[in-house]
Amino acid sequence: MSSRPKVFNATEYGNAASFWIEYPSGLIDLSRTAHLQEGASEPLQLQPSQMDVPVNGDRVIRIDGSKTAAVIIDMQNFFLHPDLRTYPTGLACVDPLRALIPALRQQGVKILWVNWGLTEHELETIPPSLIRGFRKNGRGGFGSEMPNNFGRLLMRDAYNSELYGPLQDDYMRGKEMGTDVWIHKNRMSGLWGYQSALDLYLQENGITTLLFGGVNTDQCVGGTLVDAYFRGYDCILVSDITATTSPGGLENVFYNATNVGVAYISPASKAQKVLDNSPMDF
């Protein structure tokens, strides 16, 4: 996968309120702390709320923890539980995600668990294409009763709609700490619609940078990421906390995230070391 060439001179992108600064060293400042000064070639000194995180393409991104949220999508029993499906690559995201979350919390990053969670009213408004997609062989679908006490399919408060395994407990601890928030969605994208719960939360809390993870990469994660990009958020896809069952889907999203400028891909292990102030192992 080819990398974008580095800039020859420090370059600012954006407008008076929302801007990035890219430096010849490869650092891209997403913090929106101060505009580029004339003649400047080096970034400003790192502030206490900021961190420099290495990403792919020989780049480093500077983010502000107080303006950053992790958007973790659909890590629910319905998609991951072994009693419902075989999804080893999805389950492989659980441990790196659990390792990353405490480090993010310590830096003031909010953890947003964005999940399917339908109401009775929403069952009446879902379009036919989506209804058909979630039915198998003409059976089941949204709101249908699932076996083994998993509850109604992707309805709010059903067991199949809870986070998978230890992630549910992680969320509950974070909720008590005031760092974690559960946000329901009723479409593939968590930012679908004129004003979604996710977009409203981000705006009200002054969040501009989003770290994406979850399943499936090319469906609900990718849909939310692209909608966030259209709305002007900084989008970073964390490569080892996302997976998909679609053939070639993962590579396609990574390619677009890197080469189109939508996002940069950072393994959680590298980000965690930065957040913990541990030595980096490149």
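**Exercise 1. List the contacts of methionine 75 beyond its neighbours within four places in sequence.**

Solution. Contact means heavy atoms within 4.5 Å. With those neighbours left aside, methionine 75 touches Leu80, Gly90, Cys93, Val94, Leu97, Asn115, Glu162, Leu163, Tyr164, Leu167, Gly214 and Val215. The model is predicted: local features need pLDDT of at least 70, side-chain atom pairs count only at pLDDT 80 or more, and totals for chains, interfaces and linings use all residues. Residues are numbered from 1 along each chain as its sequence is written, and side-chain values use heavy atoms, without hydrogens and water.

**Exercise 2. Place methionine 75 in the largest nonpolar core.**

Solution. Start with the terms. A nonpolar core is a set of buried Ala, Val, Leu, Ile, Met, Phe, Trp, Tyr and Cys residues joined through side-chain atoms within 4.5 Å. Buried means under 20% relative accessible area, with a 1.4 Å probe and protein chains only. The largest core has 67 residues. Met75, Phe142 and Phe212 touch the most other members. Next, find the main contributor: strand β12 (residues 234-243) gives the most, with six residues. Strands are DSSP runs of E, at least two residues, numbered from the N terminus. Another core, of five residues, lies apart; Ala10, Phe19, Ile21 and Tyr23 are among them.

**Exercise 3. Decide how enclosed strand β6 is, and find its partners.**

Solution. Six of the six residues of β6 (residues 68-73) are buried, so the strand is largely enclosed by the rest of the structure. Now split them by side. Thr68, Ala70 and Ile72 point one way, and Ala69, Val71 and Ile73 the other. Then pair the strand; pairing takes at least two DSSP bridges. Six bridges join β6 in parallel to β11 (residues 209-215), where leucine 211 is the bridge partner of alanine 70. Five bridges join β6, also parallel, to β7 (residues 110-116). There, alanine 69 stands opposite lysine 110.

**Exercise 4. Describe the surroundings of the phenylalanine 78 ring.**

Solution. Rings of Phe, Tyr and Trp (its six-membered ring) pair if their centres lie within 6.5 Å; planes under 30 degrees apart are stacked, over 60 edge-to-face, the rest tilted. The structure holds seven aromatic pairs. The centres of phenylalanine 78 and phenylalanine 79 are 5.0 Å apart and their planes at 85 degrees, so this pair is edge-to-face. Both residues are buried. Last, add the charge. The charged end of arginine 85 sits over the ring of phenylalanine 78, 4.8 Å from its centre. The criterion is NZ of Lys or CZ of Arg within 6 Å of the ring centre and within 35 degrees of the ring normal.

Technical notes:
Buried < 20%, exposed > 50% of the residue type's maximum accessible area, 1.4 Å probe, protein only. Helix = DSSP H or I, 4+ residues; strand = E, 2+ residues; numbered from the N terminus.
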